[in-house]
Amino acid sequence: MTDWSAADHQFMSRAVTIAWQGLYTTEPNPRVGCVLVKDGKLIAEGYHRKAGEGHAEVNALRRAAAQAKGCTAYVTLEPCSHFGKTPPCANALIDAGVVEVVVGMVDPNPQVSGNGLKKLQQAGIRVRCGLMEAQCRQLNPGFIKRMAEGMPFVRLKMAASLDGRTAMASGESQWITGPLARQDVQRLRARSSAIISGIASIIHDDASLTVREAELGLDNAAEIAQRQPLRVILDSSARMPEQAKLLSLPGRTLIVSCVDAPEFVAANDSVEWLKLPAYNGGIDLQRLLQALASRECNEVLVETGATLAGAFMAAGLVDELVLYQAMKLLGSNARPMFLLPLDKMSEQKQLQLVDSRVLGDDLRLTLIPRQENE
């Protein structure tokens, strides 16, 4: 077991911190940070900003220039060892004369896992791995799950009153929560590869499912909003209205159905129609998520009503539930959060609270499903 010094933790902590700067922009690549240190002093740092541009190590080395020789590199994810849109980072570290590389976690891609570390070691560079691995994994839950399981990380977002209601019986729901909660939802959208919703949101609300620059409240909101997540509409029986707003919006739309596409969709070059087999009276959600992973979707955000939310929960496909709870009562006639036909206490779905915070007058709860053996 490696003995990590206080300085090791300090510099890896900095690498994690700067990696988060790529939260909204690195898709479909992982978020990675790198810090170069010599004689106990930070020489340069860099993070991966955008797919197709320099990786974290390359950006740090560029800033360090000749000073990189003799440095120790702290990097949150194993340096890549293959040629993609950019050359291998392991080669760049070797060529720069780095003498040691401290890695937060091994690359979860089974095709490359460990190869970058091996290449560094073969070049005579000391390698230590596993420092602050938990924090490094938190940077990329979707990338890790897609590489390890062939599935994206599923985040289910719900907004509800204190009595667990999401809309009035008529469907009226604007607005349960306040502006800070709605801003936070925009940021969840912005970090996601795809947004999944049901056809009801299009029929009743003509929803756009876009990241709205004006509501992000971030300095680089314009750049973030340029990359719109894939809009995924589950429409098992082809009820998509021909005049739906999202059919003409910039960006990509994927309509998932159990039947063939109508002519007006088939003729739309910006819309993809994916036909999947029916399952339990609807779309096979497992097959859907696998299809999204094959499209390099890391994190998906499910924004939907009680029926689809209940289906995702019942199928055990939710990795994280983000609940925005308003300090209001909507009454017993209003619509519930989940349609889950449970009859016994033994059937209950247990969740673990991992974070809670106040957003204006609302409360945001982040929960994860409890494992049966916990």
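This passage describes a buried asparagine, a cavity, a pocket and a helix in a predicted model.

Asn298 is found in the loop that runs between helix H12 (285-294) and strand E14 (299-303). With a relative accessible area of 3%, Asn298 is buried, because this value falls under the 20% cut-off. The side chain of Asn298 is joined to that of Arg146 by a polar contact of 2.6 Å. When neighbours within four places in sequence are left aside, the residues in contact with Asn298 are Glu27, Pro28, Asn29, Gly142, Phe143, Arg146, Pro152, Phe153 and Ser193.

Asn298 also takes part in the lining of the largest cavity, together with Thr26, Glu27, Asn29, Pro30, Arg31, Leu139, Asn140, Phe143 and Glu299. The structure holds one cavity of 30 Å³ or more, and the volume of the largest cavity is about 40 Å³. By character, the lining residues of this cavity divide into three nonpolar, four polar and three charged. Both domain 1 (6-139) and domain 2 (143-369) contribute to the lining of the largest cavity, with at least three residues drawn from each.

The second largest pocket encloses about 1,500 Å³ of space. Its lining is made up of 42 residues, and those that lie nearest the centre of the pocket are Phe153, Asp319, Glu320, Ile368 and Pro369. Two or more lining residues are given by each of helix H5 (133-138), helix H6 (141-149), strand E6 (153-160), helix H7 (179-191), strand E15 (320-326), strand E17 (351-359) and strand E18 (362-369). Of the elements that line the second largest pocket, H6 provides the largest share, which amounts to five residues. The lining of this pocket comprises 18 nonpolar, seven polar and 17 charged residues. As for the domains, at least three residues of the lining of the second largest pocket come from each of domain 1 (6-139) and domain 2 (143-369).

The last element considered is helix H13, which spans residues 306-314 and whose buried residues are Ala306, Leu308, Ala309, Gly310, Phe312 and Met313. These buried residues of H13 pack against several strands, namely E6, E8 (194-198), E9 (230-234), E14 and E16 (335-336), and against helix H12. H12 and E14, against which H13 packs, are the two elements that flank the loop holding Asn298. Just after H13, Gly316 adopts a positive phi of about 70 degrees.

How values were computed
Residues numbered from 1 in each chain as written. Predicted model: local features only at pLDDT ≥ 70, side-chain atom pairs only at ≥ 80, totals over all residues. Heavy atoms only, no water. Helix = DSSP H or I, 4+ residues; strand = E, 2+ residues; numbered from the N terminus. Buried < 20%, exposed > 50% of the residue type's maximum accessible area, 1.4 Å probe, protein only. Polar contact = N/O pair within 3.5 Å; in protein donor to acceptor, adjacent residues only side chain to side chain. Contact = heavy atoms within 4.5 Å. 1 Å grid on protein atoms, 1.4 Å probe; cavity = no way out; pocket = protein on both sides within 12 Å on 5 of 7 lines; lining within 4 Å. Points joined across faces, edges and corners; volume = space filled by probe spheres on them. Nonpolar A, V, L, I, M, F, W, Y, C, P; charged D, E, K, R; others polar. Domains from an automatic or database assignment.
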